[in-house]
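Here are some exercises to work through with the model open beside you. Try each task before reading its solution.

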Amino acid sequence: MEYKMEERKRILITGASGFIGGHLVKEALSRGYEVWAGIRLHSSREHLQDERIHFIYLRYDSKNALIEQLHETVSSAGAWHYVIHNAGITKTLREADFYNVNAFNTHLLIEALAAADCKPCKFLLMSSLSSYGPVNEYSLRPVRMDDEQNPDSVYGKSKFEAELFVKAQTYFPYIILLPTGVYGPGDRDYLMEIKSIRSGIDLKVGMKPQQLTFIYVKDLAVAAFMALEDKAVKNTSYFVADGDVYADTDFAQLVRKLLGKKLVVNLRIPFWICYLACLFSEAFGHLVGRPMTLNTDKYHILKQRNWICETEPIRRELGFVPRYNLKEGLEETIRYNRERKLL
């Protein structure tokens with residue numbers, strides 16, 4: 001598919017109805033893109049109210065149907081200059097769903113884009129630091145791109161497999177972003193921890209503190225578009241974090257101060273108790289037919305001590321400098337949740 005230089009840039013963002021996806025859509029609109037939001041038929045449009053957004057219900061259930069759908073769409077509306085594949089799941093009742101959604105659907109979309117003659121100028125996969133698994137747990141040296149990837153969670157394994165699909169294809173240039181802990185307005189996981197601290201309890205897993213890194217969701221969206229729009233950057237991967245390192249206690253203390261909470265009980269539980277809690281929570285999820293945030297796969301993520309990653313490459317090669325540090329990002333996040341009476 002040929003592109004004209006004067007064409008308005010068009011972008012397809014999958015998983016657009018989710019937490020990160022919604023912010024990617026906002027960033028694209030602010031940059032003047034013609035935005036196509038790839039969502040599921042029953043996905044919520046709560047954060048996709050802008051009338052400029054075009055919607056497409058991607059047919060991951062059938063490769064032929066997806067090819068035909070993409071071909072018809074670009075034939076009438078024009079091809080996408082960029083594709084951000086952000087769709088994925090972080091929890092599920094069935095392990096196979098991680099591979100089907102996070103890995104196989106990535107492969108399916110790549111093949112369909114090529115077969116439908118709508119190859120983008122650049123394809124960006126939103127992956128995760130979890131695809132590396134536990135690295136340097138004792139030395140706590142930052143994880144580097146050249147470290148061996150050995151994920152121990154099914155979620156991390158499925159993301160790793162998706163990365164392999166992207167790297168193996170030769171249809172179009174790619175970028176893979178591996179963000180660390182992503183927080184911000186609309187996130188539910190960190191909101192649970194903020195609510196717990198607000199209630200007066202700060203619960204931590206393991207006797208040895210976790211070393212954590214974070215990226216504010218708005219900064220992650222900016223990094224994604226910097227990677228897409230820089231013509232010199234292609235066929236490479238970057239960790240995305242704000243560059244600072246925090247002990248798990250630092251995060252809790254910062255939240256407590258921002259909430260104005262004077263007294264918080266700090267508790268640390270051993271791994272075996274955490275695992276039992278994950279086991280019972282997962283069993284309850286199967287009973288009610290709903291995946292729970294706390295589950296045996298998430299246990300591996302809770303157990304990992306070293307979440308420090310190397311951020312110098314993305315700063316040097318893209319010039320990416322986060323606008324928010326953790327305090328500033330949490331202030332905005334807490335304000336957002338208070339305004340919506342979520343706290």
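This is a predicted model, so please read every value below as computed from it.

**Exercise 1. Is Asn136 buried, partly exposed or exposed, and what is notable about its phi angle?**

Solution.
- Start with the cover: Asn136 has a relative accessible area of 21%. Buried means under 20% and exposed means over 50%, so Asn136 counts as partly exposed.
- Next, place the residue: Asn136 sits in the loop between E5 and H4.
- Finally, turn to the backbone: phi of Asn136 is near 55°, a positive value in a residue other than glycine.

**Exercise 2. Carry out the steps of Exercise 1 for Asp117 in the loop between H3 and E5.**

Solution.
- The relative accessible area of Asp117 is 41%, so this residue is partly exposed.
- Its phi is near 60°, again a positive value in a residue other than glycine.

**Exercise 3. Find the strands that pair with E4, and describe where the side chains of E4 point.**

Solution.
- Begin with the side chains. In a regular strand they alternate between the two faces of the sheet.
- Strand E4 covers residues 82-85; Tyr82 and Ile84 point one way, while Val83 and His85 point the other way. All of these residues are buried.
- Now look for partners. Strand E1 (residues 10-14) pairs with E4 in the parallel sense over three bridges, and Ile11 stands opposite Tyr82.
- Strand E5 (residues 122-126) also runs parallel to E4, with four bridges joining them. Here Val83 stands opposite Phe123.
- To get from E4 to E5, the chain passes through helix H3 (residues 95-115), and this β-α-β crossover is right-handed.

**Exercise 4. Classify the aromatic pair of Trp36 and Trp80, and say where its two residues lie.**

Solution.
- For context, the structure holds 15 aromatic pairs.
- The ring centres of Trp36 and Trp80 are 6.1 Å apart, and their planes meet at 70°. Planes over 60 degrees apart count as edge-to-face, so that is the class of this pair.
- Trp36 belongs to strand E2 (residues 34-39), and Trp80 to the loop between helix H2 (63-77) and E4. The pair links distant parts of the chain, 44 residues apart.
- Both Trp36 and Trp80 are buried.

**Exercise 5. Do the same for Phe98 and Tyr155, then judge how covered each residue is.**

Solution.
- The centre-to-centre distance for Phe98 and Tyr155 is 6.2 Å and the angle between planes is 65°, giving an edge-to-face pair.
- Phe98 is in helix H3 and Tyr155 in helix H4 (residues 154-168); the two are 57 residues apart, and their pair links distant parts of the chain.
- Phe98 has a relative accessible area of 4%, so it is buried.
- Tyr155 is at 11% relative accessibility and therefore also counts as buried.

**Exercise 6. Which residues do ring pairs link into a cluster?**

Solution.
- Follow the ring pairs and you reach Tyr183, Tyr190, Phe214, Tyr216, Tyr246, Phe251 and Tyr324.

**Exercise 7. Which residues form a nonpolar patch on the surface, and how exposed is Tyr275 within it?**

Solution.
- The patch consists of Trp272, Ile273, Tyr275, Leu276, Leu279 and Phe280. Together they have about 610 Å² of accessible area.
- Tyr275 lies in helix H8 (residues 271-288).
- Its relative accessibility is 34%, so Tyr275 counts as partly exposed.

Note on methods:
Residues numbered from 1 in each chain as written. Predicted model: local features only at pLDDT ≥ 70, side-chain atom pairs only at ≥ 80, totals over all residues. Heavy atoms only, no water. Buried < 20%, exposed > 50% of the residue type's maximum accessible area, 1.4 Å probe, protein only. Pairing = 2+ DSSP bridges. Right-handed = clockwise from strand over helix to strand, strands pointing away. Patch = residues over 30% accessible without salt bridge, like charges linked within 9 Å, V, L, I, M, F, W, Y side chains within 5 Å. Areas by Shrake-Rupley, 256 points an atom, 1.4 Å probe, with all protein chains shown as cover. Salt bridge = Lys/Arg side-chain N within 4 Å of Asp/Glu carboxyl O. Phe/Tyr/Trp six-rings, centres within 6.5 Å; stacked < 30°, edge-to-face > 60°.
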